[in-house]
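Hello,

Here is the structure I promised to pass on to you. Please have a look at it first, and then read my notes below.

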Amino acid sequence: MPRHAKSGGEGESQSRGASPAPRKQRSGSLVVVGTGIKTTGQLTSEAIAWMGEADSLLYVVGDPVAEAVIQRLNPRGAESMAGYYEEGQSRMYAYNAMVEHILGCVRGGDKTVAAFYGHPGVFAYPSHESIRRARREGFSAQMLPGVSSEDCLFADLGVDPAVGGCQSYEATDFLLNALLIDSSSQLILWQIGTLGDWTYKTHMYDIRAMPLLVQKLTRFYPPSHLVTVYEAAMFPGTQPMIAQVPLHSLNDFPITAAMTLYVPPARARVPDPEMLGLFSLSTPYGAVPTTLQPNATEQGSGK
């Protein structure tokens, strides 16, 4: 029956007080997973199970060890999407091609799994866009969490994002937008090795904008402030790259595409006198102040 002829029936059902029939879910499905940074130790059991059961296992990973693991999990359905990257071309073209490939498998009725290195929801446009479009078209689609380079950074540098708070920006986004940075908090800048370069490169990216990044950071931090250039370990038995340098020396550091910048606080936090005055320091941690507790009548009214 044509779609426009169906609408009248739905209107009649609603006029009688009945709920409209739920939209039928289509047969294909999508699960997006992450392989972690160090695949052999950070691939979750949940992701492994989904990858093994997939009709189509599409993947983009950054090292041959991860690719070998994926191929072994599903030799029949595994297929790399790395071929969509073209030297010197915009990465967005590759991302859109990946989305179309993923959705083509889903539309064909396949139980589709898309695997991306790291966390599949962190700096991964194809994963989010594939899920959005699949759901819009009536397919089941979900994302499973994975281990990102930020998770590795917290572990390797021994820092806690809850201590003083943590600000996190993609480096080019930070450079080009008017953002207010709290120098009493921690700052993480992602993808400093692709700063201002939207094309795909197999080797070094054009990071001539690095002096501009340093210039902007010196609005909030002294030039001598020590910052950490970080790269998580990708293979078993290897160590992460951790280098602490003064901010002004960042221009001379051999930056690569996989590096992240960690900037520790440069000053103490400033208390809020108004809130301190309203907050009772004598209240035990986690307790509800007396003024906020229900009265005795309310507490006992249901008993």
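Ser127 lies in helix H6, which covers residues 125–136. Please keep in mind that this is a predicted model. Is Ser127 buried or exposed? Its relative accessible area is 0%, and because the cut-off for buried is under 20%, Ser127 counts as buried. Leaving aside residues up to four places away in sequence, Ser127 touches Val32, Phe116, Pro120, Gly121 and Met143.

One of those contacts, Val32, leads to strand S1, so here is what I found there. Strand S1 spans residues 29–34, and 6 of its 6 residues are buried, which leaves the strand mostly covered. As background, side chains in a regular strand alternate between the two faces of the sheet. In S1 both faces are covered. On one side sit Ser29, Val31 and Val33, on the other Leu30, Val32 and Gly34, and all of them are buried.

Which strands does S1 pair with? With strand S4 (residues 111–116), S1 pairs in the parallel sense over 6 bridges. Within that pairing, Val33 stands opposite Ala115 in S4. Strand S5 (residues 140–143) also runs parallel to S1, and 4 bridges join the two. Here the bridge partner of Val31 is Gln142 in S5. Two of the residues that Ser127 touches are Phe116 and Met143; Phe116 falls within the range of S4, and Met143 within that of S5.

Next, the cysteines. How many disulfides are there? The count comes to 0, where a disulfide would need a pair of cysteine sulfur atoms within 2.5 Å. Two cysteines to look at are Cys152 and Cys166: Cys152 is buried, at 9% relative accessibility, whereas Cys166 is partly exposed, with a relative accessible area of 30%.

Finally, some figures for the whole protein. It has 11 helices and 10 strands. Of its 303 residues, 39% are buried. Among contacts with a separation of 6 or more, 65% are between residues 24 or more positions apart. The accessible surface comes to about 17,200 Å², and carbon and sulfur atoms account for 55% of that.

If you would like a place to start, try Ser127 in H6, then follow its contact with Val32 into S1 and on to S4 and S5.

Happy exploring, and best wishes

How values were computed: Residues are numbered from 1 along each chain as its sequence is written. This is a predicted model: local features need pLDDT of at least 70, side-chain atom pairs count only at pLDDT 80 or more; totals for chains, interfaces and linings use all residues. Side-chain values use heavy atoms; hydrogens and water are left out. Buried means under 20% relative accessible area, exposed over 50%, partly exposed in between (1.4 Å probe, protein chains only). Contact means heavy atoms within 4.5 Å. Accessible areas come from the Shrake-Rupley method with a 1.4 Å probe; for residues, only the protein chains shown count as cover. Two strands pair if DSSP finds at least two bridges between them.
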